[in-house]
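Please consider the following model, beginning with one side-chain contact and moving from there to the fold and to further individual positions.

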Amino acid sequence: MVKLASAREIRMYGPRLTRNRFEYINAGLYMFSTILLVGGFAAQFSKEPLSGLVLLLIALAVIIVVNVHDLMAHLAAIDYRFLLLGFDPQLALVEFAVPVVQSLGTLLYFLGILFLFTKAEKGYDNFKVEKQAVNLLIAGPALWLLGSIHNSCQIYERADGHVQILQQSVNIPFLLGSLLFLVGALLNWKEQSGHVHHGLKLVKTGCGWEYLGAYCFSLGD
């Protein structure tokens, strides 16, 4: 995750060893989820695209858990006193807003994939469900991109030059990955609106861009 390297030391929940253990587990889960994302989109080019959707659903569920943990960790640092958010713009717009926006975007993307998976599993044609799924697949990456832009605005004045360089090297892959996911989702929408592809073939339309986006996410971690 973006804030693991630069904000780990200020998190105040639990003893130091326990805190670090949870942080490394958090980072490991995120890396695991990005690998599942890459595998899920790669499976769309195989003979078993439905199994790829299962991998995507698992990966997105893990990312939601990781982002919620990130949110709770930052709230624990201020003892869950939400009134303090009004006195520190970075705390409100980055430490609090970013994991919330990322979690919401991941949830919307999860629902979009779930709708398409349910439609393919039951084998019925429901273009209204498909349209809603495509809209969710656009809304999710759009929120990811917004969260990535917010995250690039965080500044830690007491951090040394090495951490600042590390921070920027993490922000760029996340920005690029979110943008690629959004491009892929817009291509899916274009194909659906033109009635060219439907169902799992619709996911395949933009999954090349999304595959690259998931790869960028793995580099960011």
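In this predicted model, the side chains of Asn26 and His69 make a polar contact of 3.2 Å. Asn26 is found in helix H2, which spans residues 16-42. With a relative accessible area of 4%, Asn26 falls under the 20% limit and is therefore counted as buried. His69 lies within the range of helix H3, residues 49-77.

Helix H3 in turn packs with helix H4, which covers residues 89-122. The axes of the two helices are 9 Å apart and form an angle of about 160°. Because angles over 145 degrees count as roughly antiparallel, H3 and H4 are described in that way. Their crossing is left-handed. By class, the contact of H3 with H4 has 23 nonpolar residues, together with 5 polar and 3 charged ones.

These helices belong to a protein with 7 helices and 0 strands. Read along the sequence, the pattern is accordingly α-α-α-α-α-α-α. The protein has 221 residues, of which 48% count as buried. Among contacts with a separation of 6 or more, 74% are accounted for by residues 24 or more positions apart.

Helix H6, residues 161-193, offers two further positions to examine. Ser178 is placed in helix H6. Which side chain is joined to that of Ser178 by a polar contact of 3.1 Å? The partner is Ser148. A polar atom of the Ser178 side chain also lies 2.9 Å from the backbone oxygen of Phe174. The relative accessible area of Ser178 is 1%, and a value under 20% means buried, so Ser178 is assigned to that class. Neighbours within four places in sequence aside, Ser178 is in contact with Pro141, Trp144, Leu145, Ser148 and Phe217. Ser148 thus appears both in this set of contacts and as the polar partner of Ser178.

Pro173 is the other position in helix H6. Its relative accessible area is 14%; since this is under 20%, Pro173 is likewise classed as buried. Phe217, already named as a contact of Ser178, is also related to Pro173 in space: the C-alpha atoms of Pro173 and Phe217 are 6.1 Å apart, although 44 residues separate them in sequence.

Key: Residues are numbered from 1 along each chain as its sequence is written. This is a predicted model: local features need pLDDT of at least 70, side-chain atom pairs count only at pLDDT 80 or more; totals for chains, interfaces and linings use all residues. Side-chain values use heavy atoms; hydrogens and water are left out. Helices (H or I, at least four residues) and strands (E, at least two) are DSSP runs, numbered from the N terminus. Buried means under 20% relative accessible area, exposed over 50%, partly exposed in between (1.4 Å probe, protein chains only). A polar contact is a pair of N or O atoms within 3.5 Å; within protein, one must be able to donate a hydrogen and the other to accept it, and residues adjacent in sequence count only if both atoms are side-chain atoms. Axes are lines fitted to C-alpha atoms, for helices over the stretch in contact, and angles run from 0 to 180 degrees between N-to-C directions. Angles under 35 degrees count as roughly parallel, over 145 as roughly antiparallel, 65 to 115 as roughly perpendicular and the rest as oblique. A crossing is left-handed if the near helix is turned anticlockwise from the far one by less than a right angle, and right-handed if clockwise. Ala, Val, Leu, Ile, Met, Phe, Trp, Tyr, Cys and Pro count as nonpolar, Asp, Glu, Lys and Arg as charged, and the others, Gly among them, as polar. Contact means heavy atoms within 4.5 Å.
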